[in-house]
Each structure stands twice: as structure tokens, then as C-alpha cells.
Amino acid sequence: MASVSGSYLGFDFSTQQVKVVAIDEDLQVIYQNSIQFDTDLPMYRTQGGVHIHNDNLTVTAPVLMWVQALDILLEKMKTSGFDFASVKALSGSGQQHGSVYWKKGAREILQSTSCNKSLHDLLKNCFSVTDSPVWMDSSTSLECKHLEQSVGGALNLAYITGSRAYERFTGNQIAKIFKMKTEEYNQTERISLVSSFAASLFLGDYAAVDYSDGSGMNLLDIHKREWSKQCLEVCAPELEEKLGTPVSSMSVLGSVSSHLVRHYGFSLACKVIAFTGDNPGSLAGMRLKEGDIAVSLGTSDTVFLWIQNPNPTVEGHIFCNPVDIKDYMALICYKNGSITRERIRNECAAGSWEEFSSALKSTPIGNNGNLGIFCDVMEITPSGMLGVHRFNEDSIKVPHFSKPIEIRALIEGQFLARRLHAEKLGYKIIHGTRILATGGASSNKDILQVLADVFNAPVFTIDTTNSSCLGCAYRAKHGILSEMGVTFAEAVKMAPEPTQVVTPTPGAEQVYRPLLARYAQLEEKVFLESKQ
Ligand SMILES: O=C(CO)[C@@H](O)[C@H](O)CF
């Protein structure tokens, strides 16, 4: 029987805003809207949606601001005449690693349906910690060191949880709350991620943490897909009870709350699908599949990978895959993205991308063996690498290159690094591999040509505006089909296809394969020198 036509919602509780996208049965976007924390909720006095504390390390956001933002967004949708009754399922995402602390007794209030209050009025006394730590926080170095030491080191922790200890990761943040706000911690009956907190607002009950966003906590055993008791015990007492049991990112958590049915006219049949992290949501929005790699070329660069057999290392992050229960995804972040590309453009191409492109076109693939590593700011991957390092074809360090060679050395060096680190995490370039490029630099075809040549794979461009919202609307549709065995790829096959822009230059692979090996040796040399 043909399914009754309906719509699907994807929400994203990101750092600076709450966004919503609605799609129809054919996956076409039929509605979108957003609430900006700084401007629409000025009484919270956030900057970029957060409060950076005086120590310049602690970064938090007021949890009631997120609640109030949803009230306003749903009212905006209602005022614009959005047909809530047509929504068959909804899902969403949240900024990863942030944590929300529900006070004892909050669940009963969350479940209460009798009142006509806004969610903000309903929940205003429900949080034991009112300023939630968020991903920009870097105040938990001691907790990170303690966790790594307690489980046998950084690599062991990465093997168990998918990442070495990171200051922003939730387990270390919870450890700090237990240490610094012990009474508040003891008054907490549930700890949510931003994603599962948001899902709870729609469910009218505590929503479980999903495997994918849970992989960003240094607490979830990504192989067993259950909490690592060893990690829980190191971070804080009675933590498993406060976190609840994690679930698949495709889980149907239940139906939307009767509070929302009454206030907005959602159907009682509208399902809430597990919410997840913004990056797993983006992977869904880009419709990445096995063998694909997404490269976001922005101020900082981010690489998303689909991985079947992960090899967790102390660099990068392995998360459980949000759309395939047996596979994984990886995330690799680089600080030296467009920051460095723009500096070299200004110094070597008179500030012109056209001249930058001409230099790439006038220099040979492989740059006659000249290699460069350009870290204007301290790099995330590899952690702590800094400075500009140039090597000639004999791997001898040289003080400078000519301008065209400098330009090619920068771009080849960046993409050789992305390929090296991806393959270290277990990524494999297979037949049919696609590179999905997004972000500012993806508009430069000559830069994408180098990307295609280094990876020996075709490069496609995609519009990732609202990629996480869109991905979660897709996941909402898939969530109610997955129980019938429908795969995510099948559920979203009607979505707009990415545009192929360039294919690898014949013979490029024969140049870059040995160059990649040389790059790996030189990067290791520079990395070790930076640690001395
Ligand atoms: O910390 C991050 C990923 O590990 C960021 O991308 C946050 O998810 C942004 F909200």
C-alpha cells in the first residue's frame, strides 16, 4: 500500500542557533527556519551562542536558552502556518560533547502534560547545572590525563572509545563537574548530551544517548556499543545510572509528547527518532557511503570518512556510524585550512585565486619532489605540529621555494596529510570511492584537481548548507523504514545527487603513491622534532 504522503523534520541544536528543515516524501525541502541565540535571545548575553569564562578555558552555554529557543522556533513555525499534523517522524542533532544535567524529579515534570506552559516555564527548575559545558571548553586537561593513565594510556583509550582523551569530550567534562560541583552532581538524576537532551524535549521523557554521538564522550566502548565500565568508574560514581542505556542512532524512541500534540497539532502517531551529533548528522546529510570521503575545506578543514574496520589512533576520532549499525565513521580536524591557503595566496599570488590557480596549472604533478608542511597555527592533526617545513626532492630541508612551487607544495602537502591520516584510521580507497568536497575552497577547480590526483578518485561538490538538519530529516524518514529492513541509502535515494567536478589526471597515482610514503616519513620527522 502506498504510504500516506507526509513530511519529516530535522532539527539541529548547534553552537550558535537552533535550525529546522522539513522535507516531503520525495526528500525535497519544503520548509526551514532558525533561531539565533545571540540575537533572538539577547537576555542570555551569549557570544557565538556561548559564554567564554575568565580563565579562557571554560566555555558553557545556558541550557534554558536552548529550551527557550525551541519554544520560539515552534511558535514561529506555528505562526507561519506549518502543517505539524503532516509530520510522520522527526529527528535531530546537537553540537557534540556538550552535556545537560537534569535535577532529581525533573523526569516527572518533563512527562507532565496537564499544563499549558511553554517548555521553558515547565522546565525552568529542572537542571542541577544551569550552564552546560560545550565542545569549545578546554579546561579538563587534568581529567584527560587521569583517564588515559587509568586505562593504560592514550592508545588504549582510543581503542576502547574511538579517541584518545580530549578536553571537550563529555566523560572528562562530567569528571570535572563531579569534582567541582559535587552537590549538583549528586542532585542529578540524568545526564544527556545536547542531542539526547533535545530529543527529550520532543519525547516528553528522557531520551537515550545514541551510539554515534555517544562515541564522542570517551565513555562508550565503540566495539561492544555499550558503556565502558572502566571509563565510567574513572570519571564519576553512579554514572551508568545517570546516563541510561545507549541506543542505535536509528531507534524509534517513541511518539512525540502529548504536550507538543496539544500545543502545535503534531499527530499522536508522529515518531521521534534518536537524535545524534552534528557531525554524524552531516554525514547523513551528505549521504556518504562506504568508500566515500567528505572533505570540508573551510577556515579549518574537516574530513569525514565512512569506515568498516576502524583502526583507532591517537589522532582523529572514530564514531559509530549513524546510518549503518555495523559500520563506523571517522572525523579528522585540521586547524590549518583556509587560514594558511589565504596567507600563501596573499604572499605568492598577489591575493588572487586566479593567480593561485595559474600557479597550480603551471607546476607539475608531484612538484618535482618538493614537499611542504605548512602549520601557521598549532595543528590538531598531528597534535601540536607548528611552523613551515620545506623539503627538496632529496628530502633536504630548504628555506624557501619559488612562488609557484610554494603554492603547489602547500596544496599537495595538505591533501597528502589528509590521505595519510585517513588511511591510518583504517580508511580505504576502493573502486567507486567518491570525494565529496564542500566549504569555501571547493569552489576552486584547480585545488579540487590536486585533491582528485592525490586520492586518485573523482571529486564531487555538494551543498552542505544545513547538512546536519537535512541529514536528520533523512534519518527521520529512514528511522520509521529501518524496522522493515530498508537501508538508509535506499530510503534517501531520491535526494539530489552531488555534482562531479574533476576526475584524477591519468598517471597521477604513480606519482603520489611514492610521494605519500615520503610525506609520511617527513611528517613523522617534523612531528618528533616538535616534541623535543
Ligand atoms: O567538537 C566537535 C567535533 O568533535 C565539533 O565539530 C562540534 O561537534 C561542533 F558543534
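Helices and strands are here DSSP runs, of at least four residues for a helix (H or I) and at least two for a strand (E), numbered from the N terminus. The views below show a predicted model.

**View 1. The span annotated as the C-terminal domain.** In the predicted model, residues 294-476 are 35% helix and 22% strand. The C-alpha atoms at the two ends of this span lie 22 Å apart. An unreviewed UniProt entry annotates residues 294-476 as "domain: Carbohydrate kinase FGGY C-terminal".

**View 2. The span annotated as the N-terminal domain.** The unreviewed UniProt entry also carries the annotation "domain: Carbohydrate kinase FGGY N-terminal", which covers residues 132-281. Helix makes up 47% of this span and strand 14%. From the first to the last residue of 132-281, the end C-alpha atoms are separated by 21 Å.

**View 3. The ligand and the residues around it.** Which residues surround the ligand? They are Thr-15, Gln-95, Gln-96, His-97, Trp-135, Arg-168, Asp-278, Asn-279 and Leu-331. By character, this shell comprises two nonpolar, five polar and two charged residues. The space that the ligand takes is the largest pocket.

**View 4. Polar contacts of the ligand.** Three residues are shown here in turn. In His-97, an N or O atom of the side chain lies 2.7 Å from an oxygen atom of the ligand. Arg-168 places a polar side-chain atom 2.8 Å from a ligand oxygen atom. Gln-96 takes part through its backbone, with an N or O atom 3.2 Å from an oxygen atom of the ligand. Taken alone, the ligand exposes 290 Å², and the protein buries 87% of that area.

**View 5. The peptide bond before Pro-382.** Is the bond from Thr-381 to Pro-382 cis or trans? The bond is cis, and its omega angle is near 0 degrees. Pro-382 belongs to the loop that joins β20 (371-375) to β21 (387-391). Most peptide bonds, by contrast, are trans.

**View 6. The backbone at Glu-238.** Where does Glu-238 lie? Glu-238 is found in the loop between α11 (229-235) and α12 (239-243). The phi angle of Glu-238 is near 50 degrees, a positive value in a residue that is not glycine. Most residues other than glycine have a negative phi.

Definitions and conventions:
Residues are numbered from 1 along each chain as its sequence is written. This is a predicted model: local features need pLDDT of at least 70, side-chain atom pairs count only at pLDDT 80 or more; totals for chains, interfaces and linings use all residues. Side-chain values use heavy atoms; hydrogens and water are left out. A residue is near a molecule or strand if one of its heavy atoms lies within 4 Å of it. A polar contact is a pair of N or O atoms within 3.5 Å; within protein, one must be able to donate a hydrogen and the other to accept it, and residues adjacent in sequence count only if both atoms are side-chain atoms. Accessible areas come from the Shrake-Rupley method with a 1.4 Å probe; for residues, only the protein chains shown count as cover. On a 1 Å grid over the protein atoms alone, a cavity is a set of points where a 1.4 Å probe fits but cannot get out, and a pocket is an open set with protein on both sides within 12 Å along at least five of seven lines; lining residues have an atom within 4 Å of a point. A molecule sits in a cavity or pocket if more than half of its atoms lie within 2 Å of its grid points. Ala, Val, Leu, Ile, Met, Phe, Trp, Tyr, Cys and Pro count as nonpolar, Asp, Glu, Lys and Arg as charged, and the others, Gly among them, as polar. UniProt positions are given in the numbering used here, feature names are shortened, and annotations may be inferred rather than shown by experiment.
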